[in-house]
Amino acid sequence: SSLPAGAAFSSYCLPILLPCAMAVDLSGGQSGGKVGAKGRSELWAVRCDNEDQLLRQAASNAEQRFRRIVQMCEVELGPQHPDTLDTASYLAYLLDARGNHIDAEPLYRRVLEGYRQRLGDFNPCTLR
């Protein structure tokens, strides 16, 4: 089947949460698009009239996901577990990169203290 100009088939799926108004069903429920579970189309495209809006939405979703992952790690593994500390460090980096230094700084400090207690002051994980 043919795709709109600028579209291409892919062998992978990149999940992204976005407003329904930005998603376009290329199969139209007809042949040409694969049908997945519960009869839903698997051939979708993202209409990007405003690239800045799409990037802000994706960044917002990433922050929400990392916050949930940090919370789950704290509950399941404990706040000082290396995986919890790594995940909190990624969240701090994401917040810092987005200019949210007020939320990033306490996370960075918490992660640094966790690495110090768990691994010592001169461990490569602590020093990075």
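Is Ser89 buried or exposed? Keep that one in mind while we walk through this predicted model, starting with the helix that comes before it in the numbering.

Helix α1 covers residues 51-76. With 26 residues at 1.5 Å each, α1 should span 38 Å, and its end C-alpha atoms sit 37 Å apart, so the two figures agree. Its buried residues are a mixed bunch: Leu54, Asn61, Ala62, Glu63, Val70 and Cys73. Just past the end of α1, Gly78 takes a positive phi of about 105 degrees.

One of those buried α1 residues, Val70, also turns up in the largest nonpolar core. That core has ten residues, with Val70 joined by Leu85, Ala88, Leu91, Ala92, Leu95, Ala104, Leu107, Val111 and Tyr115. Helices α2 (82-97) and α3 (101-119) each put in at least two of them, and α2 gives the largest share, five residues. In soluble globular proteins, nonpolar side chains tend to be buried together.

For a look at individual contacts, try Ala92. Setting aside neighbours within four places in sequence, Ala92 touches Ala104, Leu107 and Tyr108. Ala104 and Leu107 are core members too.

Now back to the serine. Ser89 belongs to helix α2, and it counts as buried because its relative accessible area is 16%, under the 20% cut-off. Again leaving out neighbours within four places in sequence, Ser89 is in contact with Tyr108 and Val111. Val111 is one of the core residues, and Tyr108 is a contact of Ala92 as well.

Note on methods
Residues numbered from 1 in each chain as written. Predicted model: local features only at pLDDT ≥ 70, side-chain atom pairs only at ≥ 80, totals over all residues. Heavy atoms only, no water. Helix = DSSP H or I, 4+ residues; strand = E, 2+ residues; numbered from the N terminus. Expected span 1.5 Å × (residues − 1). Buried < 20%, exposed > 50% of the residue type's maximum accessible area, 1.4 Å probe, protein only. Core = buried A, V, L, I, M, F, W, Y, C linked by side-chain atoms within 4.5 Å. Contact = heavy atoms within 4.5 Å.
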